[in-house]
Amino acid sequence: MIGIAESQNVGIKTNLISDGFLSPNLGVEVGLARKWTLDLTGQTNLWDVNQHKWKHWLFQPEGRYWFCDRFAGNFLGFHAIGGQYNFGNIHNNIKFLGSDFSQLSNYRFQGWGVGAGIAYGYAWTLAKHWNIEAEIGIGWIYTQFHKYYCFDCGKKVPGKFHHNYFGPTKLNLALEYIF
């Protein structure tokens, strides 16, 4: 395995999974100490795809503890998450850990969410300045939202709603350039 140079303190990355779902994203990871980094990642999706509304933006800062040297090998991450969304016309029958995603088939949801989680990841050194990293995390998200009767109409279901979600909060397969 190629070792990390001590002068490499900053990485710029993109999550290839999010890119595949047409949600452009960009992350910056900064070395804080020999075994600690701070990862700041944001993503957005500002368009509708095939009559499905999947608009959102989110920001996910994460402190990382590396078991060996930073930017290489195993790490634990402690992340926060925040953002806004506008989802609807997404046909499915998914009910998962107390969340009923099948409601996205018949309603549109517009609101915001905040949360926190813990993650495990691994970074493989590809070359002197290139890494690929995989990460999975679980956590909690609290969300408040308005519910609408259809994908494109403005007719609101009366009331303001909230939901507590517990489950996967991070799935990352990132390509990273370190300098």
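F71 is located in the loop that connects strand 5 (52–66) with strand 6. In this predicted model, F71 adopts a positive phi of about 70 degrees although it is not a glycine. F71 is also buried, because its relative accessible area is 0%, and buried means under 20%. The chain around this loop has one helix and 11 strands.

**Residues with positive phi**

- Most residues other than glycine have a negative phi.
- Besides F71, with its phi of about 70 degrees, L22 has a positive value, its phi being near 60 degrees.
- L22 belongs to the loop between helix 1 (16–20) and strand 2, whereas F71 belongs to the loop between strand 5 (52–66) and strand 6.
- L22 is partly exposed, because its relative accessible area is 43%, and that class lies between the limits of 20% and 50%.
- F71, by contrast, has a relative accessible area of 0% and is buried.

**Overall architecture**

- The order of elements along the sequence is β-α-β-β-β-β-β-β-β-β-β-β.
- Taken along the principal axes, the C-alpha atoms fill a box of roughly 55 × 30 × 25 Å.
- The chain has 179 residues, of which 41% are buried.
- Of the contacts between residues at least 6 apart in sequence, 60% join residues at least 24 apart.

**Surface and charge**

- The chain has an accessible surface of about 9,700 Å².
- Carbon and sulfur atoms account for 67% of that surface.
- The chain carries 15 positive and 12 negative charges, and the mean positions of these two sets are 9 Å apart.

**Pairing of strand 1**

- Strand 1 (residues 10–15) pairs with strand 2 (residues 25–33) in the antiparallel sense, over four bridges.
- On the strand 2 side, G11 stands opposite E29.
- Strand 1 also runs antiparallel to strand 11 (residues 161–178), to which five bridges join it.
- T14 has L175 of strand 11 as its bridge partner.
- Strand 1 thus has pairings with strand 2 and with strand 11.

**The surroundings of Q43**

- Q43 is part of strand 3, which covers residues 36–45.
- Q43 is buried, because its relative accessible area of 17% falls under the 20% limit.
- The side chain of Q43 makes a polar contact of 3.0 Å with the side chain of S18.
- A polar contact of 2.8 Å links the side chains of Q43 and H56.
- Neighbours within four places in sequence aside, Q43 is in contact with S18, S23, P24, N25, H56, W57 and L58.
- Among these contacts of Q43 are S18 and H56, the partners in the polar contacts of 3.0 Å and 2.8 Å, respectively.

**G88 in strand 6**

- G88 lies in strand 6, which spans residues 73–88.
- G88 counts as buried because its relative accessibility is 0%.
- From G88 to F166 the separation is 78 residues in sequence.
- In space, the C-alpha atoms of G88 and F166 are 21 Å apart.

Key:
Residues numbered from 1 in each chain as written. Predicted model: local features only at pLDDT ≥ 70, side-chain atom pairs only at ≥ 80, totals over all residues. Heavy atoms only, no water. Helix = DSSP H or I, 4+ residues; strand = E, 2+ residues; numbered from the N terminus. Buried < 20%, exposed > 50% of the residue type's maximum accessible area, 1.4 Å probe, protein only. Contact = heavy atoms within 4.5 Å. Areas by Shrake-Rupley, 256 points an atom, 1.4 Å probe, with all protein chains shown as cover. Lys, Arg positive; Asp, Glu negative; His and termini not counted. Charge placed at Lys NZ, Arg CZ, Asp CG, Glu CD. Polar contact = N/O pair within 3.5 Å; in protein donor to acceptor, adjacent residues only side chain to side chain. Pairing = 2+ DSSP bridges.
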